[in-house]
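User: Please take a close look at a single part of this model, and set out in one connected account how its pieces are arranged and what touches what.

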Amino acid sequence: MTRKRLATVWLGGCSGCHMSFLDIDERLLELTELVDFVYSPLVDRKDFPDEVDIALVEGSVSSEHDLEKIRLIREHTHTLVSLGDCAVTGNVPSLRNSVGAESVLRRAYLDPQLLNPQLPGSDVPRLLAVVRPVHSVVKVDVFVPGCPPSADTIFFVLSELLAGRQPDLSNKTRFGA
Ligand code: SF4
């Protein structure tokens, strides 16, 4: 069987979905027999590679950097998985949509109690006016809800995709840790 090229991506999220991915524990060893990890916060690679078979995408599209990145990922990925509620719905990051990005920035960076209150410069990616779920920006092939999705759910999804099947989560999704 040809080894698949697997990427995991962290957009606007808390990394909890990646923690849940790591919770598949010793089954990670099974995965390493089947896939090459070609891009991930867990490996030291900065540029998103070509010809990725499966990309697990955690987090919402919250900044201009996220937007640029998810478009690039879509362009170079066969099966894009929206992993977790932030990616699927916007979830926690989208709570700011009701008050606006500017208001959130001012609250975070201009609090008078801070030692040196100032808004971030151009070296920090600009926030989008509205936080968006991944599928509102690019085509998504598989949706995996949960905050985070359980390790068993993530392993099931990967196993099915690696077997060439579309995961059916109707009886498999387990919410919570
Ligand atoms: S879905 Fe939950 S665990 Fe995953 S990144 Fe969002 S807040 Fe964190």
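Analyst: Contact here means heavy atoms within 4.5 Å. The model is predicted, so local features need pLDDT of at least 70 and side-chain atom pairs count only at pLDDT 80 or more, while totals for chains, interfaces and linings use all residues. Residues are numbered from 1 along each chain as its sequence is written, and side-chain values use heavy atoms, with hydrogens and water left out.

The sheet is the natural place to begin. Five strands (DSSP runs of E, at least two residues, numbered from the N terminus, as are helices, which are runs of H or I of at least four) form an open sheet in the order β2-β1-β3-β5-β7 with parallel pairing. Its edge strands are β2 and β7, each of which pairs on one side only. From one strand to the next the twist averages 25°. Pairing requires that DSSP find at least two bridges between two strands. Angles run from 0 to 180 degrees between N-to-C directions, and axes are lines fitted to C-alpha atoms, for helices over the stretch in contact.

The pairings can be followed across the sheet. β1 and β2 run parallel and are joined by four bridges; Arg5 has Asp36 of β2 as its bridge partner. On this part of the sheet packs helix α2 (residues 27-34), which touches β1 and β2 and whose direction makes about 90° with that of β2. Further along, β3 and β5 pair in the parallel sense over six bridges, and Glu58 has Leu83 in β5 as its bridge partner. β5 in turn pairs with β7, again in the parallel sense, over three bridges; here Ser82 stands opposite Phe143 in β7. Six of the seven residues of β5 are buried (under 20% relative accessible area, with over 50% being exposed and anything in between partly exposed; 1.4 Å probe, protein chains only). This strand is therefore largely enclosed by the rest of the structure.

Helix α6 also lies on the sheet. It extends across β1, β2, β3, β5 (77-83) and β7, and runs at about 160° to β3. Two packed helices are described by the angle between their axes and the distance between the axes. For α2 and α6 the angle is about 20°, with the axes 12 Å apart. The two helices are therefore roughly parallel to each other, a term for angles under 35 degrees (over 145 is roughly antiparallel, 65 to 115 roughly perpendicular, and the rest oblique). On the α2 side the contact is made by Arg27, Glu30, Leu31 and Leu34, and on the α6 side by Ala151, Asp152, Phe155, Leu158 and Leu162. These residues divide into six nonpolar, no polar and three charged, where Ala, Val, Leu, Ile, Met, Phe, Trp, Tyr, Cys and Pro are nonpolar, Asp, Glu, Lys and Arg charged, and the others, Gly among them, polar.

The approach to α6 deserves separate attention. Pro148 sits in the loop between β7 (142-144) and α6 (151-162), and the peptide bond that joins Cys147 to Pro148 is cis, with omega about -5°. Most residues other than glycine have a negative phi, and most peptide bonds are trans. Pro148 is also touched from helix α1, in which Ser20 lies. Leaving aside neighbours within four places in sequence, Ser20 is in contact with Pro148, Pro149, Ser150, Ala151 and Ile154. At 6% relative accessibility, Ser20 counts as buried. Ala151 thus appears twice, being part of the contact of α6 with α2 and also a contact of Ser20.

Two loop residues that are not glycine have positive phi values. Ser15, in the loop between β1 (4-10) and α1 (16-22), has phi near 80°, and with 16% relative accessibility it counts as buried. Glu51 is in the loop between β2 (35-39) and β3 (52-58); its phi is near 50°, and at 65% relative accessibility Glu51 counts as exposed.

A last loop residue is Arg126, placed between α5 (101-109) and β6 (127-132) and exposed at 57% relative accessibility. Its contacts, apart from neighbours within four places in sequence, are Ser63 and Glu64. The C-alpha atoms of Arg126 and His65 are separated by 7.5 Å, although these residues are 61 residues apart along the chain.
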